[in-house]
Amino acid sequence: PVEGTINVRNVSASASGTYRCVASNRVGSEECILHLQVTPPRNTAGIIAGSIIAVLLILILLAIILFCFCRSRKRKKYEKEICNEIRYANQTSINVARRCRLIRQWKYSNSVGI
């Protein structure tokens, strides 16, 4: 068996197949059958781009989750503050109502002459 290398450039998968090679000179002729199978190269640029896009999407997803978590904590804190303010506002309005009643009673008692 004769061994050798054949370099084929600019081929596509459609060039795959069986080839017959014949060489002849004054001494004689030789024939061989060549089975060529073209396999496309690995798309490393696509793999790298896909990995980068996947990492970016994961980071965006984490940022959204973190944003929603912080927002919900702020809302709970705000709701606690509002509850306290409402309680204070109610107490203030009760105090104002008592003062108004006392002022009315004082005006009434002064006008009657007691």
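In this predicted model, the number of disulfides is 0. A disulfide is a covalent bond between the sulfur atoms of two cysteines. The distances between sulfur atoms explain the absence, because a pair counts as a disulfide when the two sulfur atoms lie within 2.5 Å. For Cys32, the closest cysteine sulfur belongs to Cys21 and is 4.3 Å away, which is too far for a bond. For Cys68, the closest cysteine sulfur is that of Cys70, at 9.5 Å, again too far for a bond. Cys32 is partly exposed, with a relative accessibility of 39%, and Cys68 is also partly exposed, at 45%.

A contact of another kind can be found between charged side chains. The whole structure contains 1 salt bridge. Which residues form this salt bridge? The partners are Arg20 and Glu31, whose side chains meet at 3.6 Å, taken from N to O. Arg20 belongs to strand β1, residues 17-24, and Glu31 belongs to strand β2, residues 29-36, so the salt bridge ties together parts that are 11 residues apart in sequence. Arg20 is exposed, with a relative accessible area of 59%, while Glu31 is partly exposed, with a value of 45%.

The two strands that carry this pair are also joined to each other. Strands β1 and β2 pair in the antiparallel sense, over 8 bridges. Together they form a hairpin, with 4 residues between them. Within this pairing, the residue of β2 that stands opposite Arg20 is Ile33. In a regular strand the side chains alternate between the two faces of the sheet.

The segment before β1 contains Asn10. What is notable about the phi angle of Asn10, given that this residue is not a glycine? The phi of Asn10 is positive, at about 55°. Most residues other than glycine have a negative phi. Asn10 is exposed, with a relative accessible area of 83%.

The final part of this account concerns a helical span further along the chain. The UniProt record, an unreviewed entry, places the feature "transmembrane region" at residues 47-70. In the model, residues 47-70 are 100% helix and 0% strand. The C-alpha atoms at the two ends of residues 47-70 lie 35 Å apart. The annotated span thus contrasts with residues 17-24 and 29-36, which are the strands β1 and β2.

Technical notes: Residues are numbered from 1 along each chain as its sequence is written. This is a predicted model: local features need pLDDT of at least 70, side-chain atom pairs count only at pLDDT 80 or more; totals for chains, interfaces and linings use all residues. Side-chain values use heavy atoms; hydrogens and water are left out. UniProt positions are given in the numbering used here, feature names are shortened, and annotations may be inferred rather than shown by experiment. A salt bridge is a side-chain nitrogen of Lys or Arg within 4 Å of a carboxyl oxygen of Asp or Glu. Buried means under 20% relative accessible area, exposed over 50%, partly exposed in between (1.4 Å probe, protein chains only). Two strands pair if DSSP finds at least two bridges between them.
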